[in-house]
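Work through the exercises below with the sequence and the model open side by side, and try each task before reading its solution.

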There are 2 protein chains.
Amino acid sequence: MAGDETTARPERIHPACPSAAFPFQLGGKWMGMVILCLADRPRRFTELREAMGGVTAKVLSQTLRDMVRDGLAVRLDFEENPPRVEYELTALGSSLIEVIDAVRAWSERHLDELLRARESSTTAV
Amino acid sequence: MAGDETTARPERIHPACPSAAFPFQLGGKWMGMVILCLADRPRRFTELREAMGGVTAKVLSQTLRDMVRDGLAVRLDFEENPPRVEYELTALGSSLIEVIDAVRAWSERHLDELLRARESSTTAV
DNA sequence: CAGGATCCCATCTGATACTG
DNA sequence: CAGTATCAGATGGGATCCTG
């Protein structure tokens, strides 16, 4: 996230991202990332899984159900076989992007300072 | 938080605050609230405890140690007897206030919509 | 493909008791 | 006053296996 100049390029979201260290969370470990992945267009379940790296099906499914319950996303079941389901942000869900961007802006400016402080603190002790 | 017009009035932060339902977290359950409590001036340990309602000494102490470790706050020990310790935000810690404000702004505009969606979803099921 | 069911583990939080 | 130590409970994330 920090260091990304685009708003929603899930291909660029991975565990090595420094903002993984940022003490910030929105509705569980993955919801923020899901919102960014869905920012530009609807995506399928497996598409989300692959874009987000390590998340298991169970956890992603739980995250998505929470988002649907809270009106942040809608679940589009095309009722095909094999199954085809897409998730899409609602207006409410999209409104969270600006909050996430505020965090990303903070990270770009200050996260390395936090990490340096943490490092010098642990080495000192 | 949501509904407060001031930035840092810890007296007005309590568990009944609707943003307690907001799926947003910064460094554990209490760190965001601590930052708001320290926004206007340094405060003593017990002063923080009382302003924040239910937090236990252990958890607040852990939160404050994390914040000091990450360079978000400094611990001022006056080495008196009885003990007197104050905590104060660093510039880095203060820089998080704008992030928190972004969340508060979101909450003021959208949180009730999320809560309504959640309610109608749980009653529907 | 899109999950659900189950189990396990780590972490977090709080309650309680104690201390310099 | 400002914590620490210890323990118990809840929660969350992940691994694995299974299914319509």
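**Exercise 1: the interface of the two chains**

Find the partner of Arg118(B) across the interface, and then describe the side of chain B that touches chain A.

Step 1. The side chains of Arg118(B) and Asp70(A) meet in a salt bridge at 2.8 Å, N to O, the term standing for a side-chain nitrogen of Lys or Arg within 4 Å of a carboxyl oxygen of Asp or Glu. The rule finds 4 salt bridges across the interface of chain B and chain A.

Step 2. Helix α5 of chain B (residues 97-124) supplies the largest share of the side that touches chain A, 12 residues; helices are DSSP runs of H or I with at least four residues, strands are runs of E with at least two, and both are numbered from the N terminus.

This is a predicted model, in which local features need pLDDT of at least 70 and side-chain atom pairs count only at pLDDT 80 or more, while totals for chains, interfaces and linings use all residues. Residues are numbered from 1 along each chain as its sequence is written, chains are lettered from A and ligands numbered from 1 in the order in which they are written, and side-chain values use heavy atoms, with hydrogens and water left out.

**Exercise 2: DNA strand C**

Which element gives the most to the surface near DNA strand C?

Step 1. α3(A) gives the most, with 4 residues, where near means that a heavy atom of the residue lies within 4 Å of the strand.

Step 2. Polar side-chain atoms of Arg44(A) and Ser61(A) each lie 2.9 Å from a phosphate oxygen of DNA strand C, and one of Arg75(A) lies 2.8 Å from a phosphate oxygen of that strand.

Methods:
A polar contact is a pair of N or O atoms within 3.5 Å; within protein, one must be able to donate a hydrogen and the other to accept it, and residues adjacent in sequence count only if both atoms are side-chain atoms.
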